[in-house]
Protein chains: 2
Amino acid sequence: MAKPRLKIIPLGGLSEIGKNMMVMEYADDIIVIDAGLMFPDEEMLGVDLVLPDFSYLLENRERIRGIIITHGHEDHVGALPYLLLQLNVPVYSTKLTQGLISVKLKQRRARSETKLKVISPGSGITLGRFKIEFFPVCHSIPDSVGLIIYTPVGTIVHSGDFKLDYTPVDGKPTNLSRLAQLGAQGVLLLLSDSTYAELPGYTPSERVVGENLDRVIAEAPGRVIVTTFSSLVSRIQQVIDSAAKHQRRVFIVGRSMSDTVRMALELGYLNAPDGVLARLDELKGMPHNKIVFVTTGSQGEPTSALVRMANRDHRQVHIARGDTVVISATPIPGNEALVNRTVDNLFKQGAQVFYDRVAQVHVHGHASQEELKLLLNLTKPKFFMPIHGEYRHLTLHAKLAESVGIPKDNILVLEDGDILELSPQAGKITGKVTSGNVYVDGLSGGGIGSVVLRDRRMLSRDGIVMVIIAVNKQTGKLIGRPDIVSRGFVDIREAKDMIEKSRNLVARALDHGRNRPADWGFISTKVKEVLNRFYYEQTKRRPMILPFMVKV
Amino acid sequence: MAKPRLKIIPLGGLSEIGKNMMVMEYADDIIVIDAGLMFPDEEMLGVDLVLPDFSYLLENRERIRGIIITHGHEDHVGALPYLLLQLNVPVYSTKLTQGLISVKLKQRRARSETKLKVISPGSGITLGRFKIEFFPVCHSIPDSVGLIIYTPVGTIVHSGDFKLDYTPVDGKPTNLSRLAQLGAQGVLLLLSDSTYAELPGYTPSERVVGENLDRVIAEAPGRVIVTTFSSLVSRIQQVIDSAAKHQRRVFIVGRSMSDTVRMALELGYLNAPDGVLARLDELKGMPHNKIVFVTTGSQGEPTSALVRMANRDHRQVHIARGDTVVISATPIPGNEALVNRTVDNLFKQGAQVFYDRVAQVHVHGHASQEELKLLLNLTKPKFFMPIHGEYRHLTLHAKLAESVGIPKDNILVLEDGDILELSPQAGKITGKVTSGNVYVDGLSGGGIGSVVLRDRRMLSRDGIVMVIIAVNKQTGKLIGRPDIVSRGFVDIREAKDMIEKSRNLVARALDHGRNRPADWGFISTKVKEVLNRFYYEQTKRRPMILPFMVKV
């Protein structure tokens with residue numbers, strides 16, 4: 001019998017940034033690392049979110065020993081509410097991550113009997129033939145971990161999402177000495193975060209942001225409104241600390257922000273001195289220079305508290321002259337226009353606005369090139385596989401690994417679905433499993449297929465023209481002149497003549513069929529052909545043309 | 001009789017970046033500065049380009065003395081082919097700008113009797129009561145100018161698009177001493193470029209890019225493919241110079257690139273040593289380390305030469321291992337995803353890729369904050385009006401002006417359409433003219449209205465459901481069960497049952513009307529109501545619902 005092999009299969013996160021998910025298997029044991037979602041890009045019309053394809057997991061469900069989550073961001077936990085509906089396996093994470101998962105499961109009303117198990121950084125678990133140790137890393141959310149995975153073939157280090165902040169807000173830097181120790185003992189494979197492999201140098205510390213935030217709050221003449229990701233608990237801590245220092249009170253606004261803050265306070269990841277946090281009903285009559293709001297809306301989301309405030313559409317708070325707004329976040333790609341519009345509106349209302357392009361009020365949570373090299377140097381892996389990135393990020397990270405001395409043949413650049421088989425001597429790609437994007441549209445969680453998406457793309461470009469052709473049920477003969485309705489194609493009033501002409505064209509084209517039963521395939525093709533040509537000549541547009549037969 | 005007043009009316013460029021156009025008028029004389037277009041953002045579905053609203057110009061056509069163009073970029077000249085179809089007035093520009101306008105008019109086959117008049121930087125013209133002097137400025141295209149406009153009310157300086165490059169490629173820096181001289185004589189109003197008012201410091205010189213490009217070309221083991229904007233003639237010059245230095249030949253690929261290069265060579269804005277430029281038919285057998293391509297595709301345009309090369313879809317050239325690609329441009333907002341995909345594909349083909357995030361192979365053409373302050377300091381204007389920018393850019397530029405001592409009341413932040421009336425003592429906004437976006441879809445140049453756009457947006461989100469209801473022409477009674485067709489809503493095969501159910505629902509809802517003539521308004525509302533509710537319950541989606549009555 002062949003000796004079992006170690007297989008590593010990325011199911012997400014290597015073809016696009018987001019929806020991170022990876023499988024490791026040895027003989028009968030499978031562990032899953034992360035279960036994230038991705039937000040749609042502009043071409044995914046009407047799609048609300050994108051999940052990894054679960055097929056491989058569902059086909060091998062009886063072998064899965066557990067899901068390990070590295071931290072609480074959507075691109076690492078967001079697919080859990082959907083996955084746990086179909087798969088009942090325990091989920092392992094640190095305490096804050098577990099808190100965030102619980103909030104999420106509750107919001108989605110996902111009833112699940114899944115056990116959420118809490119692991120402390122530094123401790124470990126055994127799942128089948130895998131022993132997994134969690135080590136703390138810095139990232140833009142507290143309680144993030146990387147993984148040390150002891151397998152029958154060798155030791156694997158998985159960086160999680162990380163950066164090397166020597167002065168983190170929560171005082172817990174990435175555990176470099178543990179990694180150095182491992183490097184000395186021998187690491188077979190390093191899997192490391194490539195998200196910012198394009199950026200030279202080092203990522204600045206959170207401390208820099210804290211200092212800038214403090215200066216803004218100290219100097220603001222009136223109210224200060226800070227918006228950030230609700231998961232960025234350390235940033236919220238910085239605002240609370242600075243507000244306390246300058247005798248201001250802090251109001252938490254927006255549901256997801258309130259939910260997270262409440263949970264983080266309960267679990268001890270946020271600390272507020274007595275009397276600093278305030279309820280919105282205490283707002284009335286409070287002097288403006290005693291107020292800080294912490295709110296959602298850092299991505300310009302139209303229904304967020306900040307955007308409502310900027311549009312004078314919020315129940316309690318409107319932006320006014322003298323207010324200072326800090327957007328302590330970077331737009332996620334695709335959200336730039338929304339954020340720009342929000343900044344413009346805030347300026348129009350007379351606020352002073354600080355945002356990433358004009359002030360360093362945000363740093364991201366991923367390692368830049370020098371940090372990536374340091375991790376490679378400390379762990380000294382035999383094999384290296386870049387994870388978390390699009391192809392160019394993975395390629396650039398691979399070049400970095402080469403530059404610090406990893407042999408080219410030992411650098412493994414995979415794409416989602418690839419099966420990597422690893423022995424102590426060699427790693428090679430031996431096959432592919434089903435992977436890709438599963439589109440979710442609507443809160444129900446129903447998927448949508450590529451045909452629907454293709455149709456939406458076509459509809460969005462030049463609209464639709466429907467041709468309704470009435471046919472006698474008994475004789476199969478055409479009745480009267482066809483009707484034409486359009487949406488999103490041309491201004492119907494202005495183009496009245498053209499539409500009339502096109503009705504006549506269709507009628508004429510079908511005329512010789514008038515006295516014999518209509519062959520629908522023929523009619524449909526003919527109508528599309530005639531109208532495609534005519535409309536393109538007239539407008540240079542190519543609407544979707546949809547002939548429909550009514551039998552009466 | 002009231003004394004005539006000087007009016008300044010921005011028709012574009014102040015509510016969004018792009019489609020720059022401004023009117024200045026005094027008594028019976030109007031001059032127009034720039035006539036640009038804007039490329040659509042993601043929400044403008046199926047729109048090809050956006051023009052300023054010409055209404056005000058057309059209403060006042062007999063008073064227009066001329067159009068002055070500051071430089072040859074699309075956002076300053078792109079609307080000309082459309083405007084000149086409706087308005088016959090002379091167009092004044094420098095020589096290269098005129099060459100680019102001619103190429104554009106020819107490409108669009110816009111027949112026009114308009115006279116294109118060439119003005120040299122440093123010289124001037126008189127248009128009615130306006131005397132206009134052109135002064136050279138640095139920008140990312142040669143032969144750019146700013147304007148000094150002598151009006152009966154005072155002197156106005158219009159910066160055009162500019163930066164202060166002390167070592168420009170064409171050796172023609174911005175004429176600062178002329179501006180200083182004017183400042184000493186007294187400037188009433190400065191209009192200055194705000195595009196990069198967010199950025200602190202100075203914009204780097206083109207020279208930096210030249211050095212980096214030269215290093216890449218010197219060290220490349222095989223072919224080098226450089227892509228940039230075809231209008232960036234100075235960048236193309238840098239590539240030609242460096243290729244000549246390293247004994248490589250230069251192939252120009254792509255139609256718009258070839259057109260521009262030919263014109264720029266003819267007019268003397270590009271210089272190529274003998275034997276450096278080559279034709280594609282000379283390519284065969286040439287060693288790879290003797291080849292440089294200059295090509296279109298810097299925005300990841302799907303039909304561009306570079307993208308075809310990356311997808312093995314170009315007739316003559318495919319990307320291969322050993323090739324070096326330089327993307328010497330920044331993605332225009334909205335094009336990021338296309339450019340990223342192109343970089344990914346180039347890496348997958350084995351090329352080494354240099355692009356803006358990993359190497360300084362591009363600098364933009366606009367002044368940063370210190371340069372803007374310098375211009376304010378030199379010209380010492382009484383009034384200041386920021387131009388070319390969205391509201392936040394204008395606001396930040398206004399703050400810069402305040403910081404160098406312009407009184408707050410003399411800083412005029414306008415939006416498109418505002419009428420600014422200016423006297424030697426005061427400036428105020430006294431009204432508004434028609435302005436805004438005119439959407440052009442299709443090569444024909446036909447406009448599309450906001451209803452069409454709204455429909456496309458709705459269609460793109462959740463698709464469309466058509467309900468076809470047959471009615472007896474004579475009796476007005478319903479015939480049979482309604483038909484339902486959908487596109488872009490749900491997978492039609494999977495959702496067959498739901499669609500059937502919804503047909504029954506509609507039939508039932510209309511049942512009580514079956515024996516009396518149908519009131520269409522009632523039926524239509526009822527159908528929408530019933531289906532909206534049902535589909536939302538079933539799918540959480542809200543497709544456009546379009547009931548249609550066929551009378552037979």
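Is A:Asp418 buried or exposed? In this predicted model, A:Asp418 counts as buried, at 11% relative accessibility. Its salt-bridge partner is A:Lys432, and the two side chains meet at 3.1 Å, N to O. The pair links distant parts of the chain, with A:Lys432 sitting in strand β21 (residues 427-432) of chain A and A:Asp418 in strand β20 (residues 418-422) of chain A, 14 residues apart. A:Lys432, for its part, is exposed, with a relative accessible area of 54%. So this bridge has a buried acid at one end, as 11% falls under the 20% cut-off, and an exposed base at the other, as 54% is over 50%.

Chain B has a salt bridge between B:Lys432 and B:Asp418, with 3.0 Å from N to O. Here B:Lys432 belongs to strand β21 (residues 427-432) of chain B and B:Asp418 to strand β20 (residues 418-422) of chain B, so the bridge ties together parts that are 14 residues apart in sequence. As for accessibility, B:Lys432 counts as exposed at 54%, while B:Asp418 counts as buried at 11%.

How do the two chains sit relative to one another? Chain B goes onto chain A by a rotation of 180 degrees with 0.0 Å of shift along the axis, and the superposition has an RMSD of 0.3 Å. The two copies are thus related as by a two-fold rotation axis. The same surface serves both of them, with 100% of the contact residues of chain B recurring in chain A. Among the residues of chain B, B:Ser460 is the one that comes closest to the rotation axis, its C-alpha being 2.4 Å away.

On to the interface itself. The contact takes 61 residues from chain B and 61 residues from chain A. The size of an interface is often given as the accessible area lost when the parts come together. For chain B and chain A, the buried area is about 5500 Å², and carbon and sulfur atoms give 60% of it. On the polar side of the ledger, the rule finds twelve residue pairs in polar contact across the interface, both residues being at pLDDT 80 or more. It also finds eight salt bridges across the interface of chain B and chain A. The elements of chain B that each supply at least two residues to the side touching chain A are α10 (336-348), α12 (391-403), β23 (447-448), α13 (450-462), β24 (464-471), β25 (478-487), α15 (520-539) and β26 (544-551). Of the side of chain B that touches chain A, α13(B) gives the largest share, at seven residues. Sorted by kind, the residues on that side come out as 27 nonpolar, 13 polar and 21 charged.

The charged contacts deserve a few words of their own. Over all chains, the structure holds 54 salt bridges. One that joins the two chains pairs the side chains of A:Lys348 and B:Glu415, at 3.6 Å from N to O. There is also a network of salt bridges that links A:Glu198, A:Glu390, A:Arg392, B:Asp344 and B:Arg357. Within chain B, B:Arg392 forms a salt bridge with B:Glu390, and the closest N and O atoms are 3.0 Å apart. Both ends of this bridge are tucked away: B:Arg392 is buried at a relative accessible area of 4%, and B:Glu390 is buried at 19%.

Two further residues of chain A round off the picture. A:Gln238 is found in helix α7 (residues 233-245) of chain A and is buried, with a relative accessible area of 10%. A polar atom of the A:Gln238 side chain lies 3.0 Å from the backbone oxygen of A:Glu206. Leaving aside neighbours within four places in sequence, A:Gln238 is in contact with A:Val169, A:Glu206, A:Arg207, A:Val209, A:Gly210 and A:Leu213. A:Glu336, by contrast, is partly exposed, with a relative accessible area of 29%. A:Glu336 is part of helix α10 (residues 336-348) of chain A. From A:Glu336 to A:Arg357 there are 21 residues in sequence and 12 Å in space, C-alpha to C-alpha.

Note on methods: Residues numbered from 1 in each chain as written. Chains lettered and ligands numbered in written order. Predicted model: local features only at pLDDT ≥ 70, side-chain atom pairs only at ≥ 80, totals over all residues. Heavy atoms only, no water. Least-squares fit on C-alpha atoms with pLDDT ≥ 70 in both. Contact = heavy atoms within 4.5 Å. Helix = DSSP H or I, 4+ residues; strand = E, 2+ residues; numbered from the N terminus. Buried < 20%, exposed > 50% of the residue type's maximum accessible area, 1.4 Å probe, protein only. Polar contact = N/O pair within 3.5 Å; in protein donor to acceptor, adjacent residues only side chain to side chain. Buried area = accessible area lost by both parts, 1.4 Å probe. Salt bridge = Lys/Arg side-chain N within 4 Å of Asp/Glu carboxyl O. Nonpolar A, V, L, I, M, F, W, Y, C, P; charged D, E, K, R; others polar.
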